[in-house]
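Let us walk through this structure step by step, beginning with one helix and then moving outward to the sheet.

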Amino acid sequence: SVSPTANTTYTLACTGDGGSASDSVTVSVVQSGTFTIAGRTIIDPDGNEFIPIGANANGPHWVWNDTFIGESARAEKWRWNTMRVNMCWPEGCPDVGGWNWDTNNDLDGIIQEYTAKKIVIMIELHQFTGADTLSTEDAARLVTFWTDLANQYKNNPYVWFNILNEPVTGGQSSLSAWLAMTEPSIAAIRGTGANNVIVVDGSMWGQEAEDWSCGETSAADSAFLAHVPYLRDTYGNILPSVHMYGVW
């Protein structure tokens, strides 16, 4: 006798007729028309399990100039369903080869082309990789950046928001910095009413271990273990993203 709430998980215990306290089933109630993270499973807007498969792509003010608009047919041939669009602010990315940073500045055009084919566009800001902290000005600008995008795309579930690429250098001393850099933007996105999936990178690059090989990470050093349960409970639809460097 429960009135189910969307995007909520319930555990139902069996009683009577020989049932015992150990007999239970977990049921996830998913809101139709959105992506929902239910436990370890991502449910797409059609109610099917969704496993992200894809690649990084060139976005606004990015360091490579290969055109991304007009290439969705290639993504379909690879059966990709997710594209992580790397971008920077106009003055942000380093100059590589003198290429034209403006080739892929039409973010809305990218989103319209790919999401029309139900390919997720994960907008990723590469601005502060390994920065550890933000100035007051940059922190405010970051929140404004994500607030504007959330207001623009909150009705398109196929747009996901990847707050920052590898924002801190790792270790226990960086865990509070990771949360301080990440949470204000998450709160701002949810404040617009957007329930889009929010992707958070770990506290370290390379398997969350700062290592090109199979390095180990202690639980105490992991932003995922330290903060993602809190972020999920508070904001919902938070997806941690481990960056694999040279291993799988």
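The buried residues of α3 (buried means under 20% relative accessible area with a 1.4 Å probe, protein chains only) are Leu142, Phe145, Trp146, Leu149, Ala150 and Tyr153. Because they cover an arc of only 125 degrees around the axis, they lie on the same side of α3, the arc being that of the directions from the helix axis to the C-beta atoms. On the face turned away from this buried side, α3 carries Thr136 and Glu137, which are exposed, that is, over 50% in relative accessible area.

This is a predicted model, in which local features need pLDDT of at least 70, side-chain atom pairs count only at pLDDT 80 or more, and totals for chains, interfaces and linings use all residues. Residues are numbered from 1 along each chain as its sequence is written, and side-chain values use heavy atoms, with hydrogens and water left out.

Helix α3 (residues 136–153) lies across β6, β7 (120–125) and β8 (159–162), and runs at about 170 degrees to β8; helices (H or I, at least four residues) and strands (E, at least two) are DSSP runs, numbered from the N terminus. Angles run from 0 to 180 degrees between N-to-C directions, with axes fitted to C-alpha atoms, for helices over the stretch in contact, where contact means heavy atoms within 4.5 Å.

The strands belong to an open sheet of six, in the order β5-β6-β7-β8-β9-β10, with parallel pairing, two strands being paired if DSSP finds at least two bridges between them. Since β5 (54–58) and β10 (238–241) stand at the edges with a single partner strand each, one side of each is left without a neighbour in the sheet.
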